[in-house]
Amino acid sequence: MISFKTVIFDLGGVVFSSPIGRLAELETKYHMKTKTLNRHIMHCKAWKRMETGVTNPIQFVQEYDLEIQTGIKNKSIHPILQKVSGQLVMDTISNGTGIPRKQYIETINSLKSLNITTVALTNNFKTKEKNAAKGMFSQADVMKDMFDIMIESYVVGLRKPDPKIYELVCQKANVLPSQCIFLDDIGANLKPAKAMGIKTIRVMVDDVNGMQALHELETILGGKTLFTTGRQQQQQQQRFNNTFTTKSTTKSISISKSKSISPSITSITAPSSTTRRLQTISRHLTTASNHKYHYLLSKIKSIKQTHPNNRAMKYFNEQYFATLDSSAQDIFIQIIKTGIDNPDSGLGCYAMTPSDYDTFSPFFDRVIRDYHNATASSVHVTDWNASDVGDNGVLDVTKLGLKELSMRVRVGRNLIGFNLPGSMNQKERIRFEISMLKAFDSLIADPNYGGHVYSLSPDHGPGITNPNLISKKKYNQLVQKHVMFKDMDADPYLKSAGIASDWPYGRGCWQSDDQECIIWFGEEDQLRIMCMKTGTRLDEVFNRLKKMLETVESIEGIEFARSNQYGYITSCPSNLGTGMRASVHIKVPKLTSDGQTDPHGNSPTCKAICKPLGLSVRGTGGEHTPIGKDGTIDLSPSSRLFIKEKEIISSLYRGIEGLMKEENK
Ligand code: ADP
Ligand code: ARG
């Protein structure tokens, strides 16, 4: 089942009653065919210019009249349209903004409590200017506090049905089109959205208070009740209708012919719009999936051309994709969404559950083998016994002429029984945190560790306080000391993968009393387990982490997800295998002199020297951060998979040696 994350509402005709009725009155008054005026306005240049913010209502009135005159002259416009002036159009449309429908307000609130993002998407125009038409106010202003996101056509310079405006919605809400539902009263606005993969619901003019559309929304969201107002009356009406339609057709015909009957009861004798709508929902659900990825597939094609280093796009195969059933396609798209949203990705994908590496192995295996330079015979072996590396297991940097360095070794780990962070929801994130508290308690009780839990979760559910909640100030201090991770929401790769979602729920860390042992929870992997200290012996940090992992693994309920082929499972294929990154902060001012002028604070020279040594260079704040002003870099071996743990720590040592030779040349 698709997990919908966003509901998009048009305002006029959906959240507010429809203005179409008011134009219809003018059409009747001036003996025009139904919708003549309505269609003309929606398609004329003057209206478009106003709705995209080029002109204001005063300018619209002038441009509209001019367009009518020119159109009549060159016979492109029917003369009857000149009966209604631009001013009359403006007055009619702005005469009464309408009252927001209570059912919609309730629905928007219910969606919020379900953690669904609500978006208002309205074609509108400037009304705040001093030259705006008198007495006008904007529906968007009335509703601005109701919605998470408000997109007004005149503000963004785009209007429905331009597909770009739907792209903008997805970008702002950080979702895929297939994760959105869109309600609008104009079919033409829904069409391109549907073609992009957005689930669409048309709010019909004869749908009383738009309730039928809301029922459709409820059905799509799995039958949740989203509103109560008017529901009972509607059900009574429905029961009443059913009694007559099912018992006897003749009776219903006679009722429908009766003059005294109200219009809504008359409608029951024809196949009711309700029944028709309900019948079409299931058809609608299946056919939508055939179209829904057209847009993304074409985007992937173009990224393949423009960014050949984006592995997820490189190995995306449309034929393979077509073999997947619809729900597998949804998951697969979620996996590669980060690569679509961030064409500059090197990987461009994150697994959503540990089993994804098997389920989508024709894709993942190619990405993994390419990224990790695997040969046909590569097999992953775990080996933490570093007693035979360096000098009888000792890796002392003073032997390389260096003083104390800040050293850190971490592994990424995930537990079986939980989704990977990209597909966790807020509840599961909290559940994971709570389940880890038991493990932290046993570490705290162990004299080798002790320590504290620092949590960012605002609460542990409605009304449940989080005993470990820390202040923003404390969090910032911990980030400064490299104890806590940075704001994940600011990382575009993690964000579009859903890994940063619900931030900061389920996020935090445990740190031992001596501050050397740390376990992050809720970052890119469910757990990042690490040892960090300033010293000279790499083997000390490595062996302490080894011990600590043994302790953690012995705690009841902790079972790390593993694969026979790829070792320990991580969200990102780059971390598979050992999940290990061993790093030092080391000063290389000569090799990094270009870093002082680099716009991103990188040092391309240093990176180029490190690459053939199998080393990666990061900034002093971690990945995607600038190197230190004094030439300090974060240096770590690049390999994680098809390499033993003990080989990683010894290659860091040899890497430091090689790099210092270059620095001192
Ligand atoms: P990860 O290492 O988990 O992949 P990052 O590269 O973002 O993630 O680093 C996480 C944090 O660890 C950052 O604050 C970074 O500065 C810090 N860090 C990494 N290596 C060291 C080190 N050797 N000494 C001190 N802090 C370090
Ligand atoms: N998703 C990013 C990319 O594909 C980063 C990958 C490596 N980093 C990581 N933290 N997993 O380029």
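Helices here are DSSP runs of H or I with at least four residues, numbered from the N terminus. I keep that in mind for every element named below. The model I am reading is predicted.

**Entry 1: backbone oddities**

I began with Lys35. I placed Lys35 in the loop between helix 1 (20-29) and helix 2 (36-43). Its phi is positive, about 70°, although Lys35 is not a glycine. I noted it because most residues other than glycine have a negative phi.

Next I looked for cis peptide bonds. I found one joining Lys160 and Pro161, with omega about 10°. Pro161 sits in the loop between helix 8 (153-156) and helix 9. Another cis bond runs from Trp503 to Pro504, and there omega is near 5°. I located Pro504 in the loop between helix 24 (492-497) and strand 8. Both went into the notebook because most peptide bonds are trans.

**Entry 2: the parallel sheet**

I traced the five-stranded sheet. It is open, its strand order is 3-2-1-4-5, and the pairing is parallel. Which strands are at the edges? They are strand 3 (149-152) and strand 5 (199-202), each pairing on one side only. The twist from one strand to the next averages 20°.

I then checked one pairing in detail. Strand 1 (residues 6-9) and strand 2 (residues 117-122) run parallel and are joined by four bridges. I followed Thr6 across and found its bridge partner in strand 2 to be Thr117.

Which helices lie across these strands? Helix 9 (residues 163-173) lies across strand 1, strand 2, strand 3 and strand 4 (180-184). It runs at about 160° to strand 3. Helix 11 (residues 211-220) lies across strand 1, strand 4 and strand 5. I read its angle to strand 5 as about 155°. Helix 9 is also the helix that follows the loop holding Pro161.

**Entry 3: the antiparallel sheet**

I moved on to the sheet of eight strands. This one is open too, with antiparallel pairing and the order 7-8-9-10-6-13-15-14. Its edge strands are strand 7 (452-455) and strand 14 (615-618), and each pairs on one side only. Neighbouring strands are turned by 20° against each other on average, direction ignored.

I looked at the strand 14 end. Four bridges join strand 14 to strand 15 (residues 632-637), and the two run antiparallel. Val617 has Leu635 as its bridge partner in strand 15.

Helix 22 (residues 426-445) packs on this sheet. I listed its contacts as strand 7, strand 8 (508-511), strand 9 (517-521) and strand 10. The direction of helix 22 makes about 170° with that of strand 9. Strand 8 is the strand that follows the loop with Pro504.

**Entry 4: ligand 1**

I counted 19 residues around ligand 1. Which of them come nearest? Ser406, Arg408, Arg410, Ser583 and Arg618 do. By class, the shell divides into four nonpolar, seven polar and eight charged residues.

I went through polar contacts. An N or O atom in the side chain of Arg618 is 2.6 Å from an oxygen atom of ligand 1. A polar side-chain atom of His482 lies 2.8 Å from an oxygen atom of the ligand. Gly622 uses its backbone: a polar atom there is 3.4 Å from an oxygen atom of ligand 1.

How much of ligand 1 does the protein bury? Taken alone the ligand exposes 550 Å², and 95% of that is buried by the protein. I then asked which elements give two or more residues to the shell. They are strand 6 (405-413), strand 10 (527-535) and strand 13 (580-587). I find strands 6, 10 and 13 in the order of the eight-stranded sheet.

**Entry 5: ligand 2**

I listed the residues around ligand 2. They are Ser345, Gly346, Leu347, Gly348, Tyr350, Tyr493, Glu524, Cys572, Ser574 and Glu623. The shell has four nonpolar, four polar and two charged residues.

Where does the backbone reach the ligand? A backbone N or O atom of Gly346 lies 2.8 Å from an oxygen atom of ligand 2. For Leu347, a backbone N or O atom is likewise 2.8 Å from an oxygen atom of ligand 2. Glu524 contributes a polar side-chain atom, 2.8 Å from a nitrogen atom of ligand 2. On its own, ligand 2 has 340 Å² of accessible area, and the protein covers 88% of it.

Terms used: Residues are numbered from 1 along each chain as its sequence is written. Chains are lettered from A and ligands numbered from 1 in the order in which they are written. This is a predicted model: local features need pLDDT of at least 70, side-chain atom pairs count only at pLDDT 80 or more; totals for chains, interfaces and linings use all residues. Side-chain values use heavy atoms; hydrogens and water are left out. A residue is near a molecule or strand if one of its heavy atoms lies within 4 Å of it. A polar contact is a pair of N or O atoms within 3.5 Å; within protein, one must be able to donate a hydrogen and the other to accept it, and residues adjacent in sequence count only if both atoms are side-chain atoms. Accessible areas come from the Shrake-Rupley method with a 1.4 Å probe; for residues, only the protein chains shown count as cover. Ala, Val, Leu, Ile, Met, Phe, Trp, Tyr, Cys and Pro count as nonpolar, Asp, Glu, Lys and Arg as charged, and the others, Gly among them, as polar. Two strands pair if DSSP finds at least two bridges between them. Axes are lines fitted to C-alpha atoms, for helices over the stretch in contact, and angles run from 0 to 180 degrees between N-to-C directions. Contact means heavy atoms within 4.5 Å.
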